[in-house]
2 protein chains.
Amino acid sequence: MLENLGSWRRTHTCGELNLDNLGEEVILMGWVQRRRDHGGVIFVDLRDREGITQVVFNPEYNKEAHEKAESLRSEYVLAVKGIVSKRPEGTENLKLKTGEIEVMVKELKILNESKVLPFTIDEYSNVGEDIRLKYRYLDLRRKPLQKNIILRHNLVRTIREFLYKKGFLDIETPFLTKSTPEGARDYLVPSRVNPGKFYALPQSPQMFKQLLMVSGFDKYFQIVKCFRDEDLRADRQPEFTQLDMEMSFIDRDDLMNLIEEMFVEIFDKVLGLKLERPFPKMSYKEAMEKYGHDAPDTRFEMFLKTINDIISDCDFRVFAEAVKAGGVVKAINAKGGAKFSRKEIDELTDFVCSLGAKGLAYIKVNEDGLQSPIIKFLGEEITNKILKEMDAEPGDIIFFGAGDEKTVNLYMSKLRLLLGKKLGLIDEEKYSFVWVLDFPLLEWDEEEKRYVAMHHPFTSPVDEDIPLFDTDPGKIRAKAYDLVLNGSEIGGGSIRIHRSDVQEKMFSVLGLTPEEREYKFGFFIEALKYGTPPHGGIAFGIDRIASIFAKADSIRDVIAFPKTQKATDLMCEAPSFVDEKQLKELFIKVDLPEDMLK
Amino acid sequence: MLENLGSWRRTHTCGELNLDNLGEEVILMGWVQRRRDHGGVIFVDLRDREGITQVVFNPEYNKEAHEKAESLRSEYVLAVKGIVSKRPEGTENLKLKTGEIEVMVKELKILNESKVLPFTIDEYSNVGEDIRLKYRYLDLRRKPLQKNIILRHNLVRTIREFLYKKGFLDIETPFLTKSTPEGARDYLVPSRVNPGKFYALPQSPQMFKQLLMVSGFDKYFQIVKCFRDEDLRADRQPEFTQLDMEMSFIDRDDLMNLIEEMFVEIFDKVLGLKLERPFPKMSYKEAMEKYGHDAPDTRFEMFLKTINDIISDCDFRVFAEAVKAGGVVKAINAKGGAKFSRKEIDELTDFVCSLGAKGLAYIKVNEDGLQSPIIKFLGEEITNKILKEMDAEPGDIIFFGAGDEKTVNLYMSKLRLLLGKKLGLIDEEKYSFVWVLDFPLLEWDEEEKRYVAMHHPFTSPVDEDIPLFDTDPGKIRAKAYDLVLNGSEIGGGSIRIHRSDVQEKMFSVLGLTPEEREYKFGFFIEALKYGTPPHGGIAFGIDRIASIFAKADSIRDVIAFPKTQKATDLMCEAPSFVDEKQLKELFIKVDLPEDMLK
């Protein structure tokens, strides 16, 4: 028979009591994590958000409570009134904060029952993710997920409290906004009141936050959902959460200083760690050269090196041709990797080939000499030069990538990470930040035969590079900055263009016609003409940061109700089919190709 | 010629300097609010978010800065370096915090220019709302709007900091979720990855927050956008912001106490006012009886009174028939309203008729006798009884509403508000809270000939009313509570059903078939079976609260980028037409009726 709370209220949580409370009468409420019967006495681990407390039903202590407790099963919801007692010697559990005490129950209320669960709350290795996502509300009872959600709460709380103190205004921007033809695919929302027209869910509040600077709000932030209808990878969600910020009357260093200060506070309050400042800075160029990637994992070294100079006229056709075609040859010294077996090397080869490599040349430096399929083509002199350049010692293995720069960087950067893991070079306890700076403002688009903005056309060039608009636009550096943590880009932003003369130069180098300009950015360009202050900002991926802090395998593990890679919610079964009537009101029709209709 | 910030950084805001700073060299940045030339000296009111400071360009003080200042126009963006000086006697402006000082400029940087604005920033009565919404970023520079947005920021900041302290977890719930056939119309989002299927934007996170209680998160809150595709009224927006909360192991009073404590803190920190606790409580029944509305404006009395007993067998046909038909006759004494002219009474009559009344009977109590079109029918005895019941005195006027209860309450409650305003009874400085309690759990639906849930089918009945499920379900009171401020419902919530036996009773009295139940609430009902704790929550309308605090005419005035009543964003022109290609990818087609195609 279930009972109501009545006048009972919790005196403590299940994570709170210790020897200081001995003898106190307390009321606890929570879930039956585990029930054990031992010598006629029933022991229940009572669980709530804060922890677990052992509550004891002893018939000699209270017969009625013990009788009621006979019916208890896993995940029943209880309220118990009892006395805090010391556990008998030898039965303490020092892994629990409450492990030296137990509560001798005088009175029990069973607040609710539970069906048998589809999986038990403490087991999680044997259950597929699909079933866990379907019963997400049960999976969320598991300690690791509870911890993740609470960590994320602490993260956003700390960010908010920090930015409040710094004078940032928390201002909301619209969710039902305009579809922009740039960027990723939009999620669209048909309008009932404006037939045939659509809203788009925001990919970011970029234009709105810049407009808030035009309005004079000076310092803005928002922790806000954004939406991108992309093909989903393991670590992407169709809806994701961004810390979005913008400030006026500042330059790059002001913003970077503020962000570093924020992370010092986050590390202190969320992780209990002391973070050193300033964070290291690295140019985009250096990152691409040494790591092959603009989000370098700086927890370990083992850099890539371009060896074009050394091998440009060697007899190994693959290398020579790569250089001749304007490409690169990059090498990496996997220190201690000479021990890799044939099979391991094959696996590494398969790995890089799946990323676009044609093969994976290597030189193993054994105690008793070199082992390599390519040294016979390279010849001794070049081989020795390579070994010297790569600081090769016995026990090392050197891998090579050759081809166009983009592809080589792609697979060699991934190879570097894989080798780092294999060789145990990555300290999982380490948090390694780096600012990546001096991105190019423009990229040459080979297909369209014109420059395109590397970030967006409102990103400001570095002041001293402005004259290059007229001479060598490809060399202009942007006032852009990415913050990278452990090889993940956790945030990125820029100082924006606030002067219309610079904006004009930018559009003209992009080759936009007045019509395109108007269509793509019309009202926003107009807005910039009414006294725009110097301003800049940054945006951080909250899901990403939380998952790095939680050491989670997937951002799904730091989102209360995530979607699958097919963008579905298995719990509430979204998306779903809807009534014809609903669609009619919205002036749309489903239009499936014939082969899907079957 | 525009200049860059260079190494200049603000030393102060424009709202900060006073006599304590005399002689200091300062750097200010902001917008030209106003420029005056006086005796060869240029005075500029420099404006930022924090205020206005007078900066002075005197050719005798600095010739170069003065020369540059010649080009300044309204809304130019400046940086000035200068010395804080005392204003000459007689020129102080004590309305400004900075009004006793001015800054003598030594150096000026013009950071940006501005085109001539479509409207000036300090004028706002002559410009239509459409043009202001189109240039929202300029309208937002106006002091009243800046104040509103900052007030709203302070409101959400205070709420968050309060709930953080109280142990609430800030947890995000999904935006791309499932369409529910209940409630208002959903905004739909077609899925590209799941052809023919749609997400719905949430009308509220109701089910998710209850599931978080099932998961054991204990205390949840979120300040979150919600969406309703309703026909828009003046004070509605398609997207609106809710403070959403839920707690476990509590009953109604715990939640109400917490909310009162929260508002005490909000009033202190946001408005600088001391708020008295506890808030008054009123039953739904009393609210409907005395105010004709479940969101009573308790800033003034002037109650409605049902006078069925007095007039039930009078000769005034309208009254007698209303009673006979099971309706009501309600009267209100507009104290001091005997002075209303014929024209004013006609206007009041038109007003109530527009709300469904057939007319507006009245008795004017003049010094020299009664004046009324109906007393000849009522007769002296009944008239006197009415006058006594209504405490009528010379100078008063009594108005009557007769008909079915719902209609009478509708127009008489609005009439009460209008009379309150006309007679100056509403103290605009007053904040009057009231809890409305004991709502009926069920309403009889005459059309469907069955009970429907007044809130939703998961609202808990009052414990002692549970036996009424079997005898008189219409009498069951809900554990629901609305918080009303100055006649606006600012929040509402309930203790939820957590016991499946009670849930079964509820479904059975609602007459839902197992199929309907499954279709409408399937996964949620399943979730409730795995050990659901007692829980309850509430949700508040942030836009509404902010607009009451700001004394704004419309919630548009407390939203940075609001939509019109046609649900359009005039600034960025959303919604808009989109590419065929985008629709094709989403497997939908626009389907306009023929008469719209022209």
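The unreviewed UniProt entry lists four residues of chain A under "binding site": A:E182, A:R228, A:H455 and A:R496. The model here is predicted, and two of these listed residues can be followed through it in some detail, A:H455 and A:R496.

Let's take A:H455 to begin with. This histidine sits in a loop of chain A, between strand β19 (450-453) and strand β20 (480-485). Is A:H455 buried or exposed? Neither label fits, because its relative accessible area is 36%, which makes A:H455 partly exposed. Beyond its neighbours within four places in sequence, A:H455 is in contact with A:F439, A:A480 and A:D482.

A:R496 also has a loop address, in this case between β21 (488-495) and α13 (500-510) of chain A. With a relative accessibility of 3%, A:R496 counts as buried. Leaving out residues up to four places away in sequence, the partners that A:R496 touches include A:Q206, A:K209, A:Q210 and A:E246. Also among them are A:H456, A:F458 and A:S460, along with the run A:H535, A:G536, A:G537 and A:I538. The side chain of A:R496 makes a polar contact of 2.9 Å with the side chain of A:S494.

Another residue of chain A worth a look is A:D543, which belongs to helix α15 (residues 542-549). A:D543 is buried, since its relative accessible area is 6%. A polar atom of the A:D543 side chain lies 2.9 Å from the backbone nitrogen of A:T241. Apart from neighbours within four places in sequence, A:D543 is in contact with A:R152, A:F240, A:T241, A:I555, A:V558 and A:I559.

Here are the accessibility values of these three residues of chain A side by side.

| Residue | Relative accessible area | Class |
|---|---|---|
| A:H455 | 36% | partly exposed |
| A:R496 | 3% | buried |
| A:D543 | 6% | buried |

Now for the interface between the two chains. The size of an interface is often given as the accessible area lost when the parts come together. Chain B and chain A bury about 12,100 Å² between them, and 60% of this is on carbon and sulfur atoms. On the side of chain B, the residues that lose the most area to chain A are B:R49, B:F249 and B:Y530, together 7% of what that side buries. In terms of contacts, 127 residues of chain B meet 127 residues of chain A.

How many salt bridges are found across the interface of chain B and chain A? There are 18. One salt bridge links B:K115 with A:E526, whose closest N and O atoms are 3.2 Å apart. Across the interface there are also 75 residue pairs in polar contact. Helix α4 (residues 143-165) of chain B gives the largest share of the side that touches chain A, with 11 residues. By class, that side of chain B has 64 nonpolar, 23 polar and 40 charged residues.

Finally, helix α5 (residues 206-214) of chain B is largely enclosed by the rest of the structure, because 8 of its 9 residues are buried. The buried residues of α5(B) are B:Q206, B:F208, B:K209, B:Q210, B:L211, B:L212, B:M213 and B:V214. These buried residues pack against elements of both chains: β1 (25-38) and α3 (136-139) of chain A, and β9 (219-227), β10 (239-248), α14 (514-527) and β22 (535-541) of chain B. After α5(B) comes B:G216, with a positive phi near 90 degrees.

Key
Residues are numbered from 1 along each chain as its sequence is written. Chains are lettered from A and ligands numbered from 1 in the order in which they are written. This is a predicted model: local features need pLDDT of at least 70, side-chain atom pairs count only at pLDDT 80 or more; totals for chains, interfaces and linings use all residues. Side-chain values use heavy atoms; hydrogens and water are left out. UniProt positions are given in the numbering used here, feature names are shortened, and annotations may be inferred rather than shown by experiment. Helices (H or I, at least four residues) and strands (E, at least two) are DSSP runs, numbered from the N terminus. Buried means under 20% relative accessible area, exposed over 50%, partly exposed in between (1.4 Å probe, protein chains only). Contact means heavy atoms within 4.5 Å. A polar contact is a pair of N or O atoms within 3.5 Å; within protein, one must be able to donate a hydrogen and the other to accept it, and residues adjacent in sequence count only if both atoms are side-chain atoms. Buried area is the accessible area (1.4 Å probe) that two parts lose on being put together, summed over both. A salt bridge is a side-chain nitrogen of Lys or Arg within 4 Å of a carboxyl oxygen of Asp or Glu. Ala, Val, Leu, Ile, Met, Phe, Trp, Tyr, Cys and Pro count as nonpolar, Asp, Glu, Lys and Arg as charged, and the others, Gly among them, as polar.
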